[in-house]
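The following note is offered as a colleague's commentary on the structure shown below. The points are numbered so that each may be taken up separately.

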Amino acid sequence: MDYFPGFLNLEGRRCIIVGGGDVALRKARLLHGAGADLTVIAPATSQAFAAYIERHGLRRTSREFRATDLDGAWLVVTATGKPSVDGAVYAASQE
């Protein structure tokens with residue numbers, strides 16, 4: 001797969017991360033550091049991610065992903081490691 005490097009102005013833009021593990025935490029650090037208005041959607045998070053969410057006052061929805069979670073979002077990143085969930089996020093993002 002080829003990748004396209006891009007630069008995005010995320011300042012104040014509503015961004016969603018679906019997932020609660022180490023990969024999602026790394027993505028959250030990058031997005032939050034770029035100024036994204038970040039929401040994490042995951043039924044559970046690692047202790048490190050939970051601490052990061054609390055320390056930075058991020059929004060968290062503690063449940064499984066729903067397609068309506070993307071309403072009004074500018075960017076979504078899925079980092080669940082579960083093909084069925086990642087596929088559902090992809091499908092919802094195409095609508």
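1. Thr39 is placed in strand E2. The model is a predicted one, and the remarks in this note should be read accordingly. With a relative accessible area of 5%, Thr39 falls under the 20% limit and therefore counts as buried. Leaving out residues up to four places away in sequence, Thr39 touches Cys15, Ile16, Ile17, Arg59 and Thr61.

2. The bridge pattern gives Thr39 a partner in the sheet: Ile16 stands opposite Thr39 of E2. Ile17 has its own bridge partner in E2, namely Val40. These residues belong to the pairing of strand E1 (residues 14–18) with strand E2 (residues 37–41), which is parallel and extends over five bridges.

3. The sheet as a whole is open and consists of four strands in the order E3-E2-E1-E4, with parallel pairing. Its edges are strand E3 (59–61) and strand E4 (75–78), each of which pairs on one side only. On average, and with direction ignored, neighbouring strands of the sheet are turned by 20° against each other.

4. How is E1 placed with respect to solvent, mostly covered or mostly open? Four of the five residues of E1 are buried, and the strand is mostly covered. Helix H1 lies across E1, E2 and E4 and runs at about 170° to E1. Since angles over 145 degrees count as roughly antiparallel, H1 is roughly antiparallel to E1.

5. Arg14 is a residue of strand E1. Its relative accessibility is 27%, and Arg14 therefore counts as partly exposed, the range for that class being from 20% to 50%. Apart from neighbours within four places in sequence, Arg14 is in contact with Asp37, Asp69, Leu70, Asp71, Gly72, Ala73, Trp74 and Leu75. A further distance may be noted for this residue: the C-alpha atoms of Arg14 and Gly35 are separated by 9.8 Å, and the two residues are 21 residues apart along the chain.

6. Two packed helices are described by the angle between their axes and the distance between the axes. For helix H1 (residues 22–33) and helix H2 (residues 47–56), the angle is about 20° and the axes are 10 Å apart. Because angles under 35 degrees count as roughly parallel, H1 and H2 are roughly parallel to each other. Their crossing is left-handed.

7. Which residues make the contact between H1 and H2? On the side of H1 they are Ala24, Leu25, Ala28, Arg29 and His32, and on the side of H2 they are Ala48, Phe49, Tyr52 and His56. Sorted by class, the contact of H1 with H2 comprises six nonpolar residues, two polar residues and one charged residue.

8. Leu58 lies in the loop between H2 and E3. Is Leu58 buried or exposed? Its relative accessible area is 12%, which is under 20%, so Leu58 is buried. Not counting residues up to four places away in sequence, Leu58 touches His32, Leu38, Tyr52 and Ile53. Among these, His32 and Tyr52 also take part in the contact between H1 and H2. As for C-alpha separation, Leu58 and Ala73 are 15 residues apart along the chain, and their C-alpha atoms are separated by 15 Å.

Key. Residues are numbered from 1 along each chain as its sequence is written. This is a predicted model: local features need pLDDT of at least 70, side-chain atom pairs count only at pLDDT 80 or more; totals for chains, interfaces and linings use all residues. Side-chain values use heavy atoms; hydrogens and water are left out. Axes are lines fitted to C-alpha atoms, for helices over the stretch in contact, and angles run from 0 to 180 degrees between N-to-C directions. Helices (H or I, at least four residues) and strands (E, at least two) are DSSP runs, numbered from the N terminus. Angles under 35 degrees count as roughly parallel, over 145 as roughly antiparallel, 65 to 115 as roughly perpendicular and the rest as oblique. A crossing is left-handed if the near helix is turned anticlockwise from the far one by less than a right angle, and right-handed if clockwise. Contact means heavy atoms within 4.5 Å. Ala, Val, Leu, Ile, Met, Phe, Trp, Tyr, Cys and Pro count as nonpolar, Asp, Glu, Lys and Arg as charged, and the others, Gly among them, as polar. Two strands pair if DSSP finds at least two bridges between them. Buried means under 20% relative accessible area, exposed over 50%, partly exposed in between (1.4 Å probe, protein chains only).
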